Amino acid sequence: MKEIDLVYRTMFAELLQRSLDAQFQADFPFEGRFVTVPVKGKNYWYFDLPSPDGDKRRYVGPEADQEVTKRVLAFRQIKDSLKERRRMVSTLLRSGGMAGPDRFAGDVTEALANGGLFRLRAVLVGTVAFQCYSGILGIRLPNSAMQTGDADYAQDFAISDEVDDSLPPILELLQTVDPTFRAVPHQGDKARVVAFVNASDYRVEFLTGNRGSDDYIGKPSPMPALGGASAEPLRFLDFLIYEPVRTVLLHKAGVSVNVPAPERYAVHKLIVASRRLTDALGRAKRDKDLFQAALLCEALLETRQGEILGDAFQEAWDRGPSWQQALREGVAMMPKKGEAALADALGSEFFKEVRA
């Protein structure tokens, strides 16, 4: 594990702020105005944009989110600096030792971001999200852990249902990147779509958590905020996307995105690895899950964040026997360096219980 130089970590933090500023300005033209709306005892920012048919209202974010509120209050002072942001991204990739997505994955994520996906509190998950962690943690991560052939995005159902706003049609956004994208009807309900593929079989999929009955497994969940798309309900996903981190994807001039907290990503990958199929493709995905989990455990320990890794693991462990069994199986398959880092984060007594 090698830490990234402070000058580049500082540049990444500045790029994050500039990218969020730029996305904010793109989402909310100067002609509109911000208003607060109380929902279930909490205040939320919305944006009213005048039109010939009356004001069009768009969801912005919770008033309690200091980053959002700061930009609302400083709205007219936000200035875009596209050329400088492109230079910063290039420097971070070439000299700073940070990682970015392949061009196509970046273009897809940028198109969805410009459509409002992350403003509506969706979360980038999977390997494209993993590519953000070198900047977040300030640690060089190997390119071998970054390869992917798809892009996954998740949103909590309650958020999708309550924001009272929606993306434009997902298929239209994806077709601005590649006109060959098409909707894939869900096997369990042909009227709903959770995934889109292009002529090269690049797959974009939408996911949500399943905290209810097993009756929901295999049945797509309607998602009011996802522009007509539904989402695949998955066990354990609610743990992954709880309290995500706002960061920047190092693509073009930087794309402001939400990703899972790295400690949650690591723990979730251990769980997912234990659930993979045992065919050749399943084993390959399992190996990548374990590799990414191990790298993040090492990186969190290296950056003196072992305590938050231990807390995330404990939270998952406390959810009950099925979670504990999945974690035990995942830990048993970890690469040795990652296992040692996790053991350090958990402490010897707890780790003995996990390995029992």
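A disulfide is counted here when a pair of cysteine sulfur atoms lies within 2.5 Å. Colleagues, I shall begin with that criterion and then turn to the wider fold.

The structure is a predicted model, in which local features need pLDDT of at least 70 and side-chain atom pairs count only at pLDDT 80 or more, while totals for chains, interfaces and linings use all residues. Residues are numbered from 1 along each chain as its sequence is written, and side-chain values use heavy atoms, with hydrogens and water left out.

By the rule just given, the protein has zero disulfides. Why does Cys 297 form no such bond? The closest cysteine sulfur, that of Cys 132, is 19 Å from the sulfur of Cys 297, which is too far for a bond. Cys 297 is buried, at a relative accessible area of 1%, where buried means under 20% relative accessible area, exposed over 50%, and partly exposed in between, with a 1.4 Å probe and protein chains only. Cys 132 is buried as well, at 3%.

Let me now describe the overall fold. The secondary structure comprises 15 helices and 12 strands; these are DSSP runs numbered from the N terminus, helices being H or I of at least four residues and strands E of at least two. For 356 residues, a compact globule would have a radius of gyration near 21 Å, and the protein, at 20 Å, agrees with this. That radius is taken over C-alpha atoms, and the globule rule is 2.2 Å times the number of residues to the power 0.38. The C-alpha atoms fill a box of roughly 65 × 50 × 45 Å along the principal axes. Of the 356 residues, 52% are buried.

Contact means heavy atoms within 4.5 Å. Among contacts with a separation of 6 or more, 69% join residues 24 or more positions apart.

Two residues serve as local examples. Ser 19 belongs to helix 1, residues 6-27, and is buried at 2% relative accessibility. Leaving aside residues up to four places away in sequence, Ser 19 touches Arg 85, Val 248, Ala 253, Gly 254 and Ser 256.

Pro 224, by contrast, sits in the loop between strand 9 (221-222) and strand 10 (230-234). Is Pro 224 buried or exposed? Pro 224 is partly exposed, with a relative accessible area of 45%. With the same sequence neighbours left out, its contacts include Phe 157, Ser 160 and Asp 165. Pro 224 and Asp 165 are 59 residues apart in sequence, yet their C-alpha atoms are 7.9 Å apart in space.
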